[in-house]
Structure formats: structure tokens, C-alpha cells
2 protein chains.
Amino acid sequence: MSALDTHPGEGRQAAALAEIREIVGPKGWLDDPEARAPHLTDWRKLYTGRAAAVVRPASTEEVAAVVRRCAEARIPIVPQGGNTGLVGGAAPHEAGTEIVLLTDRLSRIREVDPVGNTVTVEAGVVLQDIQQAAAEADRLFPLALGAQGSCHIGGNLATNAGGLNVLRYGNARDLVLGLEVVLPDGRVWDGLSGLRKDNTGYDLKHLFVGSEGTLGIVTAAVLKLFPQPRQVMTAMLAVADPAAAVSLLHKAQEASGGQLVAFELVPKFAIDLAVAHVEGVENPVGGDTGWYVLLEFATPSTESAFIDALEQFVEKTFEEELVVDGTIAANEAQRAGLWRLREAIIEAQDRAGAQLKHDVSVAVAKVPDFIAEATAVAEAEEPGVRVVAFGHVGDGNVHLNLVQPEGADGAAFMARSDALSQAVYDVVVAMGGSISAEHGIGRLKKADLAARKSPVALDLMRKIKRALDPDGLMNPGKLLE
Amino acid sequence: MSALDTHPGEGRQAAALAEIREIVGPKGWLDDPEARAPHLTDWRKLYTGRAAAVVRPASTEEVAAVVRRCAEARIPIVPQGGNTGLVGGAAPHEAGTEIVLLTDRLSRIREVDPVGNTVTVEAGVVLQDIQQAAAEADRLFPLALGAQGSCHIGGNLATNAGGLNVLRYGNARDLVLGLEVVLPDGRVWDGLSGLRKDNTGYDLKHLFVGSEGTLGIVTAAVLKLFPQPRQVMTAMLAVADPAAAVSLLHKAQEASGGQLVAFELVPKFAIDLAVAHVEGVENPVGGDTGWYVLLEFATPSTESAFIDALEQFVEKTFEEELVVDGTIAANEAQRAGLWRLREAIIEAQDRAGAQLKHDVSVAVAKVPDFIAEATAVAEAEEPGVRVVAFGHVGDGNVHLNLVQPEGADGAAFMARSDALSQAVYDVVVAMGGSISAEHGIGRLKKADLAARKSPVALDLMRKIKRALDPDGLMNPGKLLE
């Protein structure tokens, strides 16, 4: 209990910790420093803290009992899922007064209901396992993101994860029909009815989704399932500029009857980087246009006419000169190759030197202007900076990554990073955009949120936080001050 | 000011009302009793109250100024849109201490953005006018319901309206990208950025949608637009029972690639009622099966293959004997005829005698069991009662209407209605369902909510209410006690 020694009320806290140890049992209590270490730091290793305890309750009831005991003893709690977040939201603070509460033993898929098209899962289920269980029931669970092999659904919901299929299926928020949540006082809110329509008061689930563990701990969820896609068409098409990409987006949505699953804008420079830095990668399209779109359609229909219509659509975009070059994946291997290219782009940026990432969004119609303005601002602030603006155009979500000037000092570049980021955020906020489209706030962007979000919105959030967690014990110092 | 004469603090309130009269000007102040009358009662005339004033502010700024003045003088406010709600949520109380605040002069469509697929509207815009504005921009705004010619979008959002297209496009909630809200203290929260992705803190818009005016007044919204449907196929198909209907639902969703817009279950008895009571109505299918499904597919694609595939799908359901009889509308007139039949069903129930309506929902997979159990319970409670269970199966939303026994005394039947309703709600709650799927709570179902909703959920709602509206001035006595 050394972490608590320097704090008042240590007797009460020590007693509470002993009781909590009883509640979770030997399997639920991490003593070994090596076993604890990965839970005391975040995935990007931006923050490394200490903890009064690291506990792994095995059920909702155990989570509730732990939280109740913490509430009584005023011990703050940091909930942690797969710990794959990018903004330090699941790491404990340096003071070591917090309990890190892991949800990984809440790992049951409680029910797959192919008739109601729902799956009920506990918070600690790995995202990929949900996708798998859905597929086994001949259904699709569409949430998909890079960390899906290790992230937990509880964390996905607490952070309202985005990912690759948002355009067609929405964020994690949009996939939730119900939640079970342990509240800051240890009571359990059972909202697992899985109703698709329910107008009986305030929508509580939407309050917890995206709250980053600051209002309670999600212990289970009812999620939506969809028909499995039976046919997929993937293409990479070259366009003149981002405005042409936005125009292509709408035509593609219309032509496919809304079956457009992905629409990723990629600048040629990013592909050139990938070709230069990642082995085995080629530009499948070529040409000298500045921009490409990686798009994918998918339909649960088995009618080949669907694909025929899409091929006609792509031909027409060539005839209209909206698309100037491109390739349609003729088979699964080519399709996988196009998606590998997208991954290689991300990898290549890491290899090209120090880089500063921004996960921002604006209204879809403003994407072209945003890319132009943000690029100009970054180049003015840091001459020679290499701007890679790519991402989910259909959601207005641009990953604006600034790679250090070629041959420059990476450390010196990063030392100037705050000024560069603030210049980018100035453009974002002036356009009514968001400084965190999908990665959340956590600890990393808390100061930016405080500076950039409307004071009225911040005040509403603080009021809600105080109403639900008056002692400020749930993931303190994350999201809000 | 006679309504205030009997209350303490009348001097302060009279002064505040005089100031509010200045704020809204002559056009914004309703003095004429005849002009005020329709705003003092609800659409079903369940409640008729009085008001200290009926005001019509002309802008968000005027709404904010009125609310600020009310907050200072502790004058409660009842926001009112098109006043088409079914649960008395927009009618003032009998005491006459409240101000009724009409949003009908906030009637501008601020912007239609066909590139970003959004429309920005003020609260007082009539739903049908938004549909129209979207259509003029070659887009679809999919919210559609019976009252669309007179209901206001502000009310639709405050009550999270459902309607006919929920299966494909979601409730009102799902169509909102942003809100502008006047808070209980008169501040304005401007959440109109219209972002499709924004993970910067708690999702405030979802808190206001469905809050029935108890947390603030929605003054404007950014809404999602969709591609216009170019091809529609509507059919009425006979099935053996509700379980067959649920099975058909999934096959239809899969075969159409999710382009199923409506899926309405109708018992044959309801059609018989319509044929008997409404002139010019015929059963277009015939046969002696107990149940029918009215379903509609729509796609923005112009490819005729889409319709061909659906026709093949319907044929296959016949071959599989899932569907035992049916008709596909061959033209727009036949399509309109099928939808008129649905309206006639509602009309016929009114004509068949006294009836008791329930707008409930359960998980989709439980719909067949719910209909069977609720029917049995109702028939046991009231021998001879005629049960009409119809509605949006795809959302799990059943309109369970109980028509008085043939030839019985309607008034006596209605006098026993509470016991009958409670018996139905027992079944709903035992199945984890909702006692108000789309109509909300308002004043009518407040006691049922208090009795039926989980105490934890109610406590969370009350905490949020107190946090945002500590003086309880926003639509008091609605939704929560």
C-alpha cells in the first residue's frame, strides 16, 4: 500500500483495498509488478503512472461491489479495456492513488440473436471476437478498426470508436441498442432491453457512450447486427482534387443505393511515400493526378446486377472525366492489395521522419476548403513540412498528418509541434469543426478541449459530470478538468 | 394578469411579463382569448389549462431573452411546436402560472446543403416543408408521420418522433447532426456544426432529443439528408402468423440490401374492420390467412435489376410457402391504395367503438410472443375485447389497440381501461419492453413511467434534470414528477 502512505485517510483506504481484494479474489488482484506494468501506461506510452491497485473483477456484480467500496472510501477509479486508446484515457495518474479496474474478465458473449439481429456482449470481449461470433450466425457486426484484435468493446463504447465502416454503419454509438453500466456509486443501470424504439425519457445510453469512463463503467451492451455482405466491389480511382472526391462520393452513394462502405481520400504524395518506404508496395493506378479515392461497396444481395450497375457507374465517371484514372479489384487478392496500400501509407509516414498527427473533422462540404487552408497554414508555419491529408471524406474526418521537412531535425520539428497544431486547430475551429473526430480527448487533448470547445458546452458537460459523479471518482482528470 | 393574481411574488412576475411583452413585441404576444385557446389544450383535448402568457418569439435571441427573464422571475415555461403530440406534453397546467412559448415564428430553413447532405432548419418549420425543401434539392428527408402537415420539427426532435421510415432511417434522433438549444437559464448552446464525427466529450444533442422540453428549448437543428429514392416496390403479403412475418422481415432486408423502408404487420381482423367501416376499401389480397404484411422497398438506384431481384425474392417466398398469398403494386395508384388501406385500418378502429391504444415495443424477436401473450391477457381481462395488434415489426413497435366488445357499452369499457392497460403493461415490462415506443410520456404516461421504469434509470434522469434545470422551470410536471 506504499502508494497510499503519503495520503490522508490512509487507514480507511487501506481497509477498503483489503476488502476489494476479498471481493475480486486472487485471480482478480494483480500483485506482480510485471503483470501490472502494462496497465500503468497507455498504448503510445505518453503517460506512465502508478496505482493503488490493479483489479480484474469477474462479473458485473464484482465491478459494482468494487465501485461501491471505492465510492465509500473515496478511491478514484480508472477503467481500462484493451488499453489501445490514443489519447491516454485509460492510464492512471502519477500520484498512485487510483485503482485501475480492468474489464478483461467480463469476457462472455451472452447471446447472439439472429432473429432480432442483436448480440449481447460483456465489456471485455475483444472486438474481433464479436465480429467472429456475428459471422458464425451469418450476420455482420460492422465496427472495424486497426486495433480490433486487442481492443475491447467496452473501450470502443466508452470512446465511441469510429473506424473504417462509419460511412455506412455509423460510429460505435450508432451500433448500440442498450447498455449495462456500473454507476459511480456502485449501483447498476440495466439498460439491456435491446429495444429499437423507446421514448420513455432521456436517452441514457448516449450519455455513457463516448464519456471515456468519466460517468460510469460500461459492463455489457446490446449491439446491432446486420446482414452479411455477399458481394463486394473495391476500386481505387484518381481524381483531380478533393472537391472532385466529394462529388464522386455523392454519385457513388446514389448509384449504390447507399451501399458505399468506405470512401478514403489519399493524396498521391502519400502513395509515393508508401512506394518509397514500404517494400512490395506499388501504385496500382499510376498517372500524375494529385489525389486518389479508395472506395468499397458491399451488399447483402447476391444479385450480380448490383455489381454490373456499379461497374457501369464507374465507367460513367470516366466518361464524365470526374475520374481520370483508376482500377477495380478483379479478385480478393487485388482487393486485399488495395487495403494493404492504405496501411502502407500509414506505415510509410512513420518511416519518413517525425510527424504530427491531427484527427479532425469538418462538415463534408467543407473538406476541400479545409485541406487547402490547413495545408497553407502548416506550410507557412513550417516551411518544407510535408502535409498528408487523408481519411474518411464521407464523414468529414480528415487525418491531417504533418511530416517533418525532408532532412530536417525531427526532434526540433516536434519541439515546435504545439504551435503547428494550434495553427491547424485554428483553421478547424474557424470552420466549425472538431479537434477530435474519433480518437477522443483523454488526457492528451484535455487542454485543447478546454480552450477550443464552446464554454456553454463545457459547462453543460461539467454539470452532468457533477450530477452523476459528485465526488469526481470516475477516471478523474480525463476529458474534463 | 388575472392568472397570476392568486399567487405570491405576483409583483415580480407581473414586471417580468411586462418585460417579456416588450421583448417579443405586439406580434409575439397573444392577447385574444380565441387565438390563445388552441395553445392551452393538447391535440387530443385530454388536458386544458391556463397560461400567464402565450408568447411567440421571432428569433433564437428572443427565445433566449424570454427564457432568461423567466428564469430570473421563476416563471415556468411550456414550449409548444405544432401541438400535435399525443400525451399532453405541450399543454399548460390548470394553475395558469406558466408561459406557453410557441416556436412557430422560428420558421426559416436556414440552409440546404446538397453537397454535405444536410439541411439547417429552425424549430418552427413544419415537417412537410422540410421534406419539400429536400426534394427541391433532389434529396430525401425521411422523417414521415401522420401529422407531417402541421407538426414542427422542434417538436419532432423534442419528442424523438418515429413514424413510417424508422426501419430504414431511424427515429428523429438518428437524423440529427446538431442542435441549437436555449438552456433553462437563457444561454444558447450552439451545437449546429453539423459534424458527422465528433468525439469531444459527452453527446449533448442526444440528451435534448426526446427530453420533451424539460431540459431546454430546441431552436434549430442540422438534419441529415439522403439520396432520393428512384424506384419503389410496395407489396401486401399474407403470412401464417407474426413469427412468419419476422422471418419474412429478415429475408426482405437481406434480399434488398437493406433497402426495406416499411414493414407493417396487419391482422386480417383489422382489414375486415376497414372493409366494413370505411367506404371504398377492399382487401386487395383476400384469402383466409390471419396476418398480412405491408412492405415497401425503395432505392436511389435507377437500375431496373433492383426491382427484378425483389420480384424474384417475393416469388421465392411463395415457393417456400412463407408467404401464402399477396399482391405487388403494379403502379403508383395501386401503391397509394395499399397505403390508404393502412390509414383506413386506423380510421375503422375509431368507428368500431371505444378503443384503448397502446404504443409499446419489445425486442424484434419477441414480437410474436408479445402479441400472443398480450392478446390472451386482454381477452382474459375483458372477455369479447377485439384486439388489433399492428405496427412496425422491424422496430419491435406494436400498436396494440383494444376495441370494445361488439355491442358493449363503450363508456363502461373505457371506465375499466386502466386495469386493462396495466395488464398489457405487465406483459410489456416482463418482456423487457417499453410502455411508450414512439409517443413519449408527457403528462399522460407520467405515472406509468414512474411505476414501470427502473428506479435507477429514473434517478439518473432526475439527476440530469436537476443539474440542467435546478429550478424546475422547463415544462414542469411533464415526463418526470
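Below, a colleague asks a modeller about the grounds for the terms applied to this predicted model.

Modeller: Because the model is predicted, local features need pLDDT of at least 70 and side-chain atom pairs count only at pLDDT 80 or more, while totals for chains, interfaces and linings use all residues. Residues are numbered from 1 along each chain as its sequence is written, chains are lettered from A and ligands numbered from 1 in the order in which they are written, and side-chain values use heavy atoms, with hydrogens and water left out.

Colleague: What makes the relation between chain B and chain A a two-fold rotation axis?

Modeller: In general, two copies of a chain are related by a rotation about an axis and a shift along it. Here chain B is superposed on chain A by a rotation of 180° with 0.0 Å of shift along the axis, at an RMSD of 0.0 Å, the fit being by least squares on the C-alpha atoms of residues with pLDDT of at least 70 in both copies. The two copies are therefore related as by a two-fold rotation axis. The same surface serves both copies, since 99% of the contact residues of chain B recur in chain A.

Colleague: How many residues does each chain bring to the contact, and what area do the chains bury between them?

Modeller: With contact meaning heavy atoms within 4.5 Å, chain B supplies 88 residues and chain A supplies 88 residues. The buried area, which is the accessible area (1.4 Å probe) that two parts lose on being put together, summed over both, comes to about 6600 Å², with 57% of it on carbon and sulfur atoms. On the side of chain B, the residues that lose the most area to chain A are B:Lys197, B:Asn199 and B:Tyr202, together 16% of what that side buries.

Colleague: Why is the pair B:Asp203 and A:Arg173 called a salt bridge?

Modeller: The term requires a side-chain nitrogen of Lys or Arg within 4 Å of a carboxyl oxygen of Asp or Glu; the side chains of B:Asp203 and A:Arg173 meet at 3.4 Å, N to O, so the pair satisfies the definition. Between chain B and chain A the count is 11 salt bridges, and a search of the whole structure finds 57 over all chains.

Colleague: What makes the salt bridge of A:Asp198 with B:Lys453 a link between two chains?

Modeller: The closest N and O atoms of A:Asp198 and B:Lys453 are 4.0 Å apart. A:Asp198 lies in the loop between strand S9 (188-191) and helix H8 (204-208) of chain A, and B:Lys453 in the loop between helix H15 (446-452) and H16 of chain B, so the pair joins two chains; helices (H or I, at least four residues) and strands (E, at least two) are DSSP runs, numbered from the N terminus.

Colleague: Why is A:Asp198 called partly exposed, whereas A:His250 counts as buried?

Modeller: Buried means under 20% relative accessible area, exposed means over 50%, and partly exposed lies in between (1.4 Å probe, protein chains only). A:Asp198 has 31% and is therefore partly exposed, while A:His250, at 13%, counts as buried. A:His250 lies in helix H9 (residues 242-255) of chain A and, not counting residues up to four places away in sequence, touches B:Pro114, B:Val115, B:Gly116, B:Asn117 and B:Arg139.

Colleague: How do you know that A:Met474 is buried or exposed?

Modeller: A:Met474 has a relative accessible area of 0%, so it is buried. It lies in the segment after helix H17 (455-468) of chain A, and, leaving aside neighbours within four places in sequence, its contacts include A:Ile77, A:Pro79, A:Leu215 and A:Lys465.

Colleague: What makes the salt bridge of B:Arg452 and B:Asp426 a tie between parts of chain B?

Modeller: Their side chains meet at 2.7 Å, N to O. B:Arg452 lies in helix H15 and B:Asp426 in helix H14 (residues 417-430) of chain B, so the pair ties together parts that are 26 residues apart in sequence. B:Asp426, with a relative accessible area of 44%, is partly exposed.

Colleague: What is noted about the phi of A:Lys45, and why is A:Lys45 called exposed?

Modeller: A:Lys45 has a positive phi of about 55° although it is not a glycine, and at 62% relative accessibility A:Lys45 counts as exposed. B:Asn160 likewise has a positive phi, of about 50°, without being a glycine, yet B:Asn160 is buried, with a relative accessible area of 4%.
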